[in-house]
Amino acid sequence: MPKPRTDLATNTLDFEMNPLVKATGFREYDARWWFGIQGNAKAPELNFLGVQALGLGLGTLLHEYGASRVVVGHDFRFYSLSIKQALTIGLMQAGCEVLDIGLALSPVAYYAQFALDAPAVAMVTASHNENGWTGVKMGAQKPLTFGPDEMGKLRDIVLSGSFVERPGGSLTRIEGMRERYIADAVGDFKLSRQIKVVVACGNGAAGAYAPDALRRMGADVVEMDCDLDWTFPKYNPNPEDEEMLHAMAETVRATGAELALGFDGDGDRCGVVDDSGEEIFADKIGLLLARDMSALHPNATFVVDVKSTGAYEIDPVLKANGAKVDYWKTGHSYIKRRTNELNALAGFEKSGHFFLRAPYGRGYDDALVAARVILAMLDRAGGAKLSEMKQKLPLTWTSLTMSAHCGDEVKYGVIDRVVADYVALAASGGKILGRSIRDVNTVNGARVTLEDGSFVLVRASSNKPELVVVVESTVSDADMRALFHEEAKPRLSAFSEVGHYNQTV
């Protein structure tokens, strides 16, 4: 395998004969590259030989970890099967025993590690990224996935061409994993009353899993965009985006459903719309679940990401149940690892990743397991609706997650400067919209908490060329919007590297 290059032009002999791998595809905890799609002039960052080189590099690293038995699966994009096959060739070149579970969700691949006694996983998915992107979520110690150290080692092996080919590579096709996974995700849970649920899959791979699973739980399922269609004709399957959430809300109102559950492209995130047709961001759903779980498991620990609501810190129910809350770095790998390190009962991310540990799950992010515990919470609520339960939470106004374009090569430098500005502002006694700064959490960008508990968060996206902004107010909806338009947005606008936002309040 030649050393990968970064300067290959498409539709050339060199592109056909050499691996292309851009360094920027090695993210903090998984890999994402622009592979390219017909009709889009953006130059690819990876080709098929580059994917094979990635597999060979990954296999080289897995042998170092003593984890050469690896589960592979792929999401539902028209090129994902081909990407997986190229990755598999590289893994086999490295002498790995490859167990191919076929079309899958990321949690299906994680489950298969347990079911097949395989220490490693390589799931081909670009999650909620647009068509044209591809990537791999990897791990070598179930239920964890790679973090920055492992990704750095993989990057160095691949880009330097430090591959180690070994004999003995093999490929086994595993049949029936879909059925085994659904049976495990549902378990012995059965609703005591039938709940009408809109199941929204955005035409992604979750459509092959979620409707069947929820019906087995006893739900009255209203399917919404559950037919698999790799053109994603309406929108990307991303339950954190307004477009999908609004469509879910319309279907709830039209059908009289008690809630809608939306699943992303690889089925590891779950979004929720309540019976009134209002979206409840996953951090607030996490707070409701933490209330429910902490009543059953007093003194439990919960991990939440820095994008999440500050209501966890002031919630009277959590305090009464002796619950402890730890705010940690955003990212499925970070929260998954932290949840296991602290022996926490669960971890929650605002983006919709739910990490449920025993007795609820195995510690990895699984949207169907999250759906099960949400339905179980409703089942125990004595007929109370989600909208009623939400009203009992501490009152906060939280923005959706907003992302401003910022190149992968420069985004961390910009964030370093933003963090330094906020730290200096706090140290000098500066104020934001007339309020003193209580704390600047710099574990992942800057989460700037004000004296009244409102906060501004600015961080670098771990998997896209973007800066992420979330604001929350304990005062009003108007104040939440002001925190963005009068504080966060003007501060970022001072940097020429920061471009347009994907959505704003």
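The following dialogue goes through the fold, the cavities and some single residues of a predicted model.

Trainee: Which radius of gyration does the chain have, and what would a compact globule with 505 residues have?
Mentor: The C-alpha atoms fill a box of roughly 60 × 55 × 40 Å along the principal axes. A compact globule with 505 residues would have a radius of gyration near 23 Å, and the chain agrees with this, because its own value is 22 Å.

Trainee: How many helices and strands are in the chain, and what share of its residues counts as buried?
Mentor: The chain holds 16 helices and 22 strands. Among its contacts with a separation of 6 or more, 69% join residues that are 24 or more positions apart. The accessible surface comes to about 18,100 Å², with 49% of it belonging to carbon and sulfur atoms, and the share of the 505 residues that counts as buried is 63%.

Trainee: How many cavities of 30 Å³ or more does a search of the whole structure find, and what space lies in the largest cavity?
Mentor: Rolling a probe the size of a water molecule over the atoms shows where empty space is left. Over the whole structure, the search finds 2 cavities of 30 Å³ or more. The second largest cavity has a volume of about 60 Å³, while the space in the largest cavity is about 80 Å³.

Trainee: Which strand gives the most to the lining of the largest cavity?
Mentor: The lining has 13 residues, and those nearest the centre of the cavity are Pro239, Glu240, Gly271, Phe281 and Ala282. By class, this lining has 7 nonpolar, 3 polar and 3 charged residues. Two strands, S10 (270–273) and S11 (279–280), each supply at least two residues, and the one that gives the most, with 3 residues, is S10.

Trainee: How many nonpolar, polar and charged residues does the lining of the second largest cavity have?
Mentor: The residues that line the second largest cavity include Asp75, Phe76 and Arg77, as well as Ser127, His128 and Asn129. Further along the chain, the lining also includes Gly204, Ala205, Phe232 and Gly265. Sorted by class, the lining has 4 nonpolar, 6 polar and 2 charged residues.

Trainee: Is serine 106 buried or exposed?
Mentor: Serine 106 is found in helix H4, which covers residues 106–115. Leaving aside neighbours within four places in sequence, serine 106 is in contact with Met123, Thr125, Lys137, Asp266 and Asp268. Its relative accessibility is 0%, and therefore serine 106 counts as buried.

Trainee: What distance separates the C-alpha atoms of glycine 90 and leucine 56?
Mentor: Glycine 90 lies in helix H3 (residues 80–93) and is buried, because its relative accessible area is 0%. Not counting residues up to four places away in sequence, glycine 90 touches Gln52, Gly55 and Leu56. Although glycine 90 and leucine 56 are 34 residues apart along the chain, their C-alpha atoms are separated by 4.1 Å.

Trainee: Where does tyrosine 312 lie, and is it buried or exposed?
Mentor: Tyrosine 312 lies in helix H10 (residues 311–314). Leaving aside neighbours within four places in sequence, its contacts include Asp283, Gly286, Leu287, Ala290 and Phe348. With 2% relative accessibility, under the 20% limit, tyrosine 312 counts as buried.

Trainee: Which omega values belong to the cis peptide bonds from lysine 142 to proline 143 and from alanine 358 to proline 359?
Mentor: Most peptide bonds are trans. Proline 143 is found in the loop between strand S5 (133–139) and helix H5 (148–160), whereas proline 359 is found in the loop between strand S15 (354–356) and helix H13 (367–379). For the bond from lysine 142 to proline 143 omega is near 5°, and for the bond from alanine 358 to proline 359 omega is near 10°.

Trainee: What phi do aspartate 117 and asparagine 343 have?
Mentor: Most residues other than glycine have a negative phi. Aspartate 117, in the loop between H4 and strand S4 (120–124), counts as exposed because its relative accessibility is 56%. Asparagine 343, in the loop between helix H12 (332–341) and strand S14 (346–348), counts as exposed at 56% relative accessibility. Neither is a glycine, yet phi is positive for aspartate 117, at about 55°, and for asparagine 343, at about 55°.

How values were computed
Residues are numbered from 1 along each chain as its sequence is written. This is a predicted model: local features need pLDDT of at least 70, side-chain atom pairs count only at pLDDT 80 or more; totals for chains, interfaces and linings use all residues. Side-chain values use heavy atoms; hydrogens and water are left out. On a 1 Å grid over the protein atoms alone, a cavity is a set of points where a 1.4 Å probe fits but cannot get out, and a pocket is an open set with protein on both sides within 12 Å along at least five of seven lines; lining residues have an atom within 4 Å of a point. Grid points are joined across faces, edges and corners, and a volume is the space filled by probe spheres set on the points. Helices (H or I, at least four residues) and strands (E, at least two) are DSSP runs, numbered from the N terminus. Ala, Val, Leu, Ile, Met, Phe, Trp, Tyr, Cys and Pro count as nonpolar, Asp, Glu, Lys and Arg as charged, and the others, Gly among them, as polar. The radius of gyration is taken over C-alpha atoms; the globule rule is 2.2 Å times the number of residues to the power 0.38. Buried means under 20% relative accessible area, exposed over 50%, partly exposed in between (1.4 Å probe, protein chains only). Contact means heavy atoms within 4.5 Å. Accessible areas come from the Shrake-Rupley method with a 1.4 Å probe; for residues, only the protein chains shown count as cover.
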